[in-house]
Amino acid sequence: MKIPSPVIRSSFLKGILIAMWFSMLFLPFKGPEAAAILFLMISASHALLNYLRDLARPLRDKGLELIGKIRKIKMPDYSTAICRYTLLLILIAFPFFVKDYFVDVAILTGIYIILALGLNVVVGFTGLLHLGFAAFYAIGAYTYALLNVRLGFGFWQALPFCLGLTTISGFILAVPALRLRGDYLAIVTLGFGEIVHLILNNWDSLTGGPNGIAGISPPYIFGLSLGSLNRYYYITLAAVIITYTIVNRVRSSRIGRAWIAIREDEIGASSIGINTMRYKLYAFAFGSFWAGLGGALFSAKMQFVSPESFTFIESVLILCMVILGGLGSIPGVIIGALILVVLPEVLRGVQSYRLLALGAGLIIMMIFRPQGLFGRMRGEG
Amino acid sequence: MYILDVRDLTKHFEGIRAVEEVSFRLREGSIVSIIGPNGAGKTTLFNCLTGLTRPTKGTVYLSGRDVTGLPPHTIAGLGIARTFQNIRLFKEMTVLENVMVAQHLKTRSGIIDAIVRDSDFLAEERDVREKAVEYLELVGLEGLSDMPSFNLPYGDQRRLEIARALATEPTILLLDEPTAGMNPQETSNVMEIIKRLQRLGKTIVLIEHDMRVVMGISEAIIVLDHGVKIAEGPPDAIRNDPLVIEAYLGREAFA
């Protein structure tokens with residue numbers, strides 16, 4: 001296949017330019033020799049990548065065609081049910097076939113799925129940028145920790161308080177914050193996250209400060225401790241399924257539709273009678289509710305909480321899960337959480353580079369698939 | 001009794017007089033056009049009527065009730081619906097969902113109903129869906145239910161906005177340039193739809209530049225220029241009004 005020459009020339013020139021730019025950057029530090037080597041290496045690898053991309057293009061087209069065909073096949077109605085139950089069976093059998101380490105990672109994944117599904121209500125459905133979600137996660141976790149350690153509440157007794165308190169804090173943040181829009185709202189939520197973190201870190205008499213709270217007991221059912229990994233796995237699995245079902249159902253009700261309408265066009269939404277302020281408030285409260293569940297599960301699993309677990313980076317991580325999977329898509333968010341919990345574990349072998357690799361991965365993702373793994377690009381159909 | 005009674009409506013934007021003491025009254029079931037050169041204050045007038053902007057002065061009575069300065073969602077609930085000049089559809093929702101969400105005020109299911117999915121909830125959902133299809137049929141978009149609305153051609157997007165506004169079951173429908181960017185075929189189609197809505201008992205106010213539409217279907221025309229109402233009357237009177245010809249028609253339509 002002959003490629004038209006202007007294309008070759010322009011991409012070749014581009015490679016040279018990029019290479020020159022980088023070698024110029026390195027010139028003062030490493031001398032002309034290193035710069036020359038860098039120049040050659042970058043231009044060569046750029047040319048190689050171009051060549052490979054041309055090779056891969058027909059392959060990619062075929063793949064897309066195949067996916068299109070698969071999508072068009074009409075599945076019988078019961079096939080989704082079969083898929084669902086098979087998946088459920090696999091998830092139930094999972095702890096029997098793997099090492100404890102994987103069960104541990106699975107529990108963590110489950111907790112993050114709950115958190116990400118909660119944040120998705122605010123960011124993905126309603127379109128409000130929320131940078132302080134870890135605050136609600138922390139409130140849920142500390143509520144259980146304190147009720148358990150100080151007042152001797154069991155997990156199930158404390159759970160309603162965890163959920164209630166995070167939901168109420170969601171309201172409390174939302175009432176003043178929702179007067180603001182876009183970037184300003186993001187800054188207020190960020191501030192809220194920091195405030196909660198600082199309170200946890202400094203209110204020594206209540207929260208134990210940076211030392212945190214230890215000795216939190218696991219949940220019990222009929223006097224049976226659920227502290228072992230396998231048993232705790234099932235609690236988390238049940239919680240994830242409940243979260244998924246409820247979020248999914250609310251999404252496809254008039255409340256969920258109102259949220260999406262606000263995200264798509266706020267003025268349009270108010271013109272058809274949606275009280276946008278009230279529904280944004282609902283979104284905040286409903287999203288925070290799940291952070292309460294995630295937090296309680298987290299502290300009961302770790303049997304220890306400290307402010308370190310609820311920093312700004314934690315908020316960003318949960319936000320990344322939502323964005324990575326595709327804003328607003330429920331399966332996407334689950335996959336996003338799965339990737340961002342499992343990937344760092346897989347990359348543990350290369351310790352110090354794993355955050356770098358993760359960061360690079362996210363950047364590449366945003367460049368090539370900004371709508372997320374499961375998101376739909378406008379105009380794509 | 002007038003269904004809409006606007007008195008001395010005024011809107012200033014930091015010294016710019018967008019709308020200046022405009023008064024008019026609408027009879028139930030009529031079709032009225034608002035015309036005027038660009039920047040005459042037509043859309044600002046609509047925004048004041050629907051609560052998107054708060055008028056500086058003046059009052060709006062809807063069926064005798066003062067609705068001035070109420071928030072947009074309340075006004076929508078009282079029976080004024082609108083479309084927008086720069087289409088404001090919910091782009092990532094399907095055509096059907098756009099009309100379903102607009103029945104927000106007519107439905108009551110709460111969050112518990114949605115989670116439990118009892119028979120009442122399911123019945124309401126079915127009802128919402130069926131009604132949405134009916135509204136789509138009314139504007140001729142019934143075959144496109146499952147298409148994401150951003151994929152619709154421009155003219156269809158305008159018609160979908162009409163269907164969405166209708167789904168709020170308004171008594172008054174404000175259409176902001178419903179035929180903008182349409183070809184003659186699509187335009188006469190929209191005129192058909194507007195007449196059909198009138199037969200359903202809706203009161204219709206439209207902002208329109210296409211004189212064929214304005215002269216063809218309006219019972220009365222209100223002419224704005226620089227925010228001031230310079231004329232009001234039946235199409236024939238407006239056509240021959242020297243002030244109007246000077247301000248608007250003389251320069252554009254009959255040039």
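Here a biologist and a modeller talk through how the descriptions of this predicted model are reached.

Biologist: Happy to start with the ground rules: what should I keep in mind about this model?

Modeller: It is predicted, so local features need pLDDT of at least 70 and side-chain atom pairs count only at pLDDT 80 or more, while totals for chains, interfaces and linings use all residues. Residues are numbered from 1 along each chain as its sequence is written, and chains are lettered from A and ligands numbered from 1 in the order in which they are written.

Biologist: What makes chain B as compact as a globular protein of its length?

Modeller: We take the radius of gyration over C-alpha atoms and set it against the globule rule, 2.2 Å times the number of residues to the power 0.38. For the 255 residues of chain B the rule gives 18 Å and the model has 19 Å, which is close, so the chain counts as that compact. Its C-alpha trace spans about 65 × 40 × 35 Å along the principal axes.

Biologist: Which helices and strands does chain B have, and how many?

Modeller: There are 10 helices and 10 strands in chain B. Both are DSSP runs numbered from the N terminus: helices are H or I with at least four residues, strands E with at least two.

Biologist: Why is strand 7 of chain B called largely enclosed?

Modeller: A residue is buried if 20 or more other C-beta atoms, placed from the backbone, lie within 10 Å of its own, exposed if 12 or fewer, and partly exposed in between. In strand 7 (residues 172-176) of chain B, 5 of the 5 residues are buried, so the strand is largely enclosed by the rest of the structure. One side carries I172(B), L174(B) and D176(B), the other L173(B) and L175(B), and all are buried. In a regular strand, side chains alternate between the two faces of the sheet.

Biologist: And why is F304(A) called partly exposed?

Modeller: F304(A) has 15 C-beta neighbours inside 10 Å, so it falls in the partly exposed class. This residue lies in strand 4 (residues 304-305) of chain A.

Biologist: How do you know which strands pair with strand 7 of chain B?

Modeller: Two strands pair if DSSP finds at least two bridges between them. Strand 6 (residues 80-82) of chain B runs parallel to strand 7 of chain B with 3 bridges, and I80(B) has I172(B) as its bridge partner. Strand 8 (residues 203-207) of chain B is also parallel to strand 7 of chain B, joined by 5 bridges; there L174(B) is partnered by V205(B).

Biologist: What makes strand 2 and strand 5 of chain B edge strands?

Modeller: The open sheet has 4 strands in the order 2-1-4-5 (chain B), with antiparallel pairing. Strand 2 (16-26) and strand 5 (65-66) of chain B each pair on one side only, and that makes them the edges. Within this sheet, strand 1 (residues 4-13) and strand 4 (residues 57-62) of chain B share 5 bridges, with R7(B) partnered by T59(B).

Biologist: Finally, how do you know what belongs to the contact between the chains?

Modeller: Two residues are in contact if their C-beta atoms, placed from the backbone, lie within 7 Å. That takes 30 residues from chain B and 23 residues from chain A. Helix 2 of chain B gives the most to chain B's side, with 4 residues.
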